[in-house]
Amino acid sequence: MSSSWGTNIELSIFGESHGQAIGIVIGNLPAGIQLDMVDIRRQMKRRAPGLNIMSTPRKEKDEVQIMSGLMGDVTTGAPLCAMIYNSDQHSKDYSLLQECMRPGHSDYPAYIKYKGFNDVRGGGHFSGRITAPIVFAGSVAKQILKQKGIVIGAHIQSIKDVYDDSFGVDISSQDIENMLQQQYPTLNSHVFEKMQATIEEARINCDSVGGMIECAILNVPAGIGNPFFDSIESHLSPLLFSIPAVKSVSFGLGEKITELYGHEANDCYYYDDEKVKTKTNHNGGITGGISNGMPIIFRVGIKPTPSISQVQQTVNIKTKENTELEIIGRHDPCIVPRAVVVVESMAALGILDMMKDI
Ligand SMILES: Cc1cc2nc3c(=O)[nH]c(=O)nc-3n(C[C@H](O)[C@H](O)[C@H](O)COP(=O)(O)O)c2cc1C
Ligand SMILES: C=C(O[C@@H]1CC(C(=O)O)=C[C@@H](OP(=O)(O)O)[C@H]1O)C(=O)O
């Protein structure tokens, strides 16, 4: 398995859900960056499991231990290595899953690829748990970007068929900061109750639900990105698709833009004092693969959590028989609320990697 990424900064993630620890090494960070560890802890808590009934009951503190790259709270320029020890593994929940393949999870393709040696416990290296170190790295990236005025924030766009509003063309940094005061950010403050009820109904029915997350990256100057293979879309998408359970990524209006005429889809320019802006932002702040100075807006679609406790049809890979599976154990009835900060983190890492002069 290769778990490395980056052209400017270098990321290498490691660990398994039921192993001793998970973590990340971040190479090529600038030296002399003062990190706000209180903010990092707050970001880690936005993702941490076990906080309420919308989440897996697995209890992990997700406390980050820095092994290298910091003196005091200031980066030294050496690889920044962060470890998070696992403490609440219930590995016996996975005994049957060594042979009965969970529909929708990585078990079957991973069994084939790794010849049955892969660790299925808690999802092993495929686990959503591996997004904890991503949130650490993303929080560092967000802090570096913030010093350049770049602000990133995401909200729950939908849970199943319950929808929040979408970002407006004139979304400001202050709006993002206000939105992020909520543990589970939405733009319409009334909608989360309905979302929560939808998640709870699925949970009670031994089922799960998915949804969408919308993310805004503000104040990226015009001119970042490249045509073709290293467009902003091309650079961010692999990171976003790396988040377990992500099934779609779209920028601006996404697929909806295909329903419009050209005169509706085009974002017309105007001068606001000396700054060039667009009246609409259907292209999500990117044209020709390059930032145009408007907010970069994208959406990520997350599938319903695969591990559900209803009876499902599957195969036993050892006995080579069709069988039924009732999964026991601890699982998120919906991944979306905990993944909001993961999406922001991936966005921050992708943009930081593209801004080579930072
Ligand atoms: C934050 C987070 C939490 C997750 N929690 C669970 C979970 O409790 N149970 C589960 O089966 N999958 C969970 N997943 C999703 C699986 O890890 C994912 O579906 C699986 O690795 C297969 O990958 P794929 O869905 O991208 O194909 C979670 C994902 C994330 C990002
Ligand atoms: C622990 C986390 O989520 C885990 C993600 C996960 C999966 O299959 O992705 C399966 C579950 O693991 P376990 O069976 O050990 O409880 C979740 O709890 C976390 O996100 O920190």
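**View 1. The largest nonpolar core of this predicted model has 78 residues.** Start here, with the residues that have the most contacts inside this core: Ile213, Ile217 and Val343. Helix α8, which runs through residues 336-354, gives the most to the core, with 13 residues. Apart from this core lies another one, made of five residues, among them Tyr94, Leu97, Cys100 and Met101. As background for both groups, nonpolar side chains in soluble globular proteins tend to be buried together.

**View 2. Here we look at Ile213 and its contacts.** Leaving aside neighbours within four places in sequence, Ile213 is in contact with Ala154, Ile156 and Gln157. Its contacts also include Arg299, Val300 and Ile302. Val336, Ala339, Val340 and Val343 are in contact with Ile213 too.

**View 3. Ligand 1 sits among 21 residues.** Which residues come nearest to ligand 1? They are Phe126, Gly128, Pro244, Ser307 and His331. The shell is made up of eight nonpolar, ten polar and three charged residues. Helix α8 gives the most to this shell, with three residues.

**View 4. Ligand 2 is surrounded by 17 residues.** The closest to ligand 2 are Thr56, Arg58, Gly122, Gly123 and Gly128. Sorting the shell by kind gives three nonpolar, nine polar and five charged residues.

**View 5. Arg47 lies in helix α1 and carries a UniProt annotation.** The record, an unreviewed entry, covers Arg47 with the annotation "binding site". Helix α1 spans residues 37-47. Is Arg47 buried or exposed? Arg47 is buried, because 24 other C-beta atoms lie within 10 Å, and 20 or more are enough to count as buried. Not counting residues up to four places away in sequence, Arg47 touches Thr131, Ala132, Val135, Arg338, Val341 and Val342.

**View 6. Helix α3 covers residues 131-146.** Follow its 16 residues from the first C-alpha to the last and you travel 22 Å, close to the 22 Å expected at 1.5 Å a residue. Why is α3 described as largely enclosed by the rest of the structure? The reason is that 14 of its 16 residues are buried. A handy fact while tracing a helix: an α-helix has 3.6 residues a turn, so residues three or four places apart point the same way.

**View 7. Arg121 is found in the loop between α2 and α3.** This loop residue is buried, because Arg121 has 21 C-beta neighbours inside 10 Å. Setting aside neighbours within four places in sequence, Arg121 is in contact with Ser17, His18, Gln89, Ser91 and Tyr94. Look also for Asp107: Arg121 and Asp107 are 14 residues apart in sequence, and their C-alpha atoms are 9.9 Å apart in space.

**View 8. Lys115 and Asp273 each have a positive phi.** Most residues other than glycine have a negative phi. For Lys115, phi is near 55°. Lys115 is placed in the loop between α2 and α3. Lys115 counts as exposed because 8 other C-beta atoms lie within 10 Å, and 12 or fewer means exposed. For Asp273, phi is near 55°. The loop that holds Asp273 runs between β12 (269-272) and β13 (275-278). Asp273 has 5 C-beta neighbours inside 10 Å, so Asp273 counts as exposed.

Methods. Residues are numbered from 1 along each chain as its sequence is written. Chains are lettered from A and ligands numbered from 1 in the order in which they are written. This is a predicted model: local features need pLDDT of at least 70, side-chain atom pairs count only at pLDDT 80 or more; totals for chains, interfaces and linings use all residues. A residue is near a molecule or strand if its C-beta atom, placed from the backbone, lies within 6 Å of it. Ala, Val, Leu, Ile, Met, Phe, Trp, Tyr, Cys and Pro count as nonpolar, Asp, Glu, Lys and Arg as charged, and the others, Gly among them, as polar. A nonpolar core is a set of buried Ala, Val, Leu, Ile, Met, Phe, Trp, Tyr and Cys residues joined through C-beta atoms within 7 Å. Helices (H or I, at least four residues) and strands (E, at least two) are DSSP runs, numbered from the N terminus. Two residues are in contact if their C-beta atoms, placed from the backbone, lie within 7 Å. UniProt positions are given in the numbering used here, feature names are shortened, and annotations may be inferred rather than shown by experiment. The expected span of a helix is 1.5 Å times one less than its number of residues.
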